[in-house]
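Let's take a relaxed walk through one part of this structure. Have a look at the sequence and the 3D view first.

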Amino acid sequence: MTGGADMKRYIALLRGINISGKNKVPMAELKKGFETLAFVEVKTYLNSGNVIFSSDEDNIRKLTDKIEEMIKNQFGLDIPVFVLSREALEDILQNAPDWWGSEDKEIYDNLIFIIPPSAFSDIYNEIGEPKEELERIKDYKEVIFWSFSRKDYQKTNWWPKTAGANVSTKLTIRTANTVRKIASM
């Protein structure tokens, strides 16, 4: 089955699955779950909950609610999901700061997706300033570009705090390479 002319390509990013044996969600079963929602051209990428699919639904909130409900019903998990269109992801990547996503192996580049209703100000107020010389951030729409020194990651301000209980449910993080791959699928 392939999408019709009114189909739009989307990316769903599941937060916190398949980490250290917790929140186990097999990708083959997740793909089938998406297909039961009448989504087509469903693909998964890696084991971390990246799903690319097509739908004629154009309401992101409705898509997100459907996916979260399916995950709860099928896997018994309350997993926050961030959904965006491929066009929105392409726009984000086109507006990346020049220091983000380089080939420098000393730098680790991540993209933080802010899960609604949270906003950049919520995340920033919770975490605070990035440590100068060690990390950089730049917000754009519903994401934060975040780069830091691989060897000094434990000294950064943002590394330990993005996993903190107050903030972790408000975001999901992917590497620059993962985001670029997803955008091309």
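What follows is a short tour of a sheet, with most of the time spent on one of its strands.

Keep in mind that this is a predicted model. The sheet is an open one made of four strands, lined up in the order E2-E3-E1-E4 with antiparallel pairing. Strands E2 (40–45) and E4 (81–85) sit at the edges with a single partner strand each, so one side of each has no neighbour in the sheet. Going from one strand to the next, the twist averages 20°.

Now zoom in on E4. Its partner is strand E1 (residues 8–14), and the two pair in the antiparallel sense over five bridges. Here are two of the residue pairs:

| Residue | Bridge partner in E4 |
|---|---|
| Tyr10 | Ser85 |
| Ile11 | Leu84 |

So which way do the residues of E4 point? In a regular strand, side chains alternate between the two faces of the sheet. Val81, Val83 and Ser85 point one way from E4, while Phe82 and Leu84 point the other way.

Is E4 enclosed or open to the outside? Five of its five residues are buried, that is, under 20% relative accessible area, so E4 is largely enclosed by the rest of the structure.

One more neighbour is worth finding in the view. Helix H3 (residues 86–94) lies across E1 and E4, and runs at about 85° to E4.

Terms used:
Residues numbered from 1 in each chain as written. Predicted model: local features only at pLDDT ≥ 70, side-chain atom pairs only at ≥ 80, totals over all residues. Heavy atoms only, no water. Pairing = 2+ DSSP bridges. Axes fitted to C-alpha atoms, helices over the stretch in contact; angles between N-to-C directions. Contact = heavy atoms within 4.5 Å. Buried < 20%, exposed > 50% of the residue type's maximum accessible area, 1.4 Å probe, protein only.
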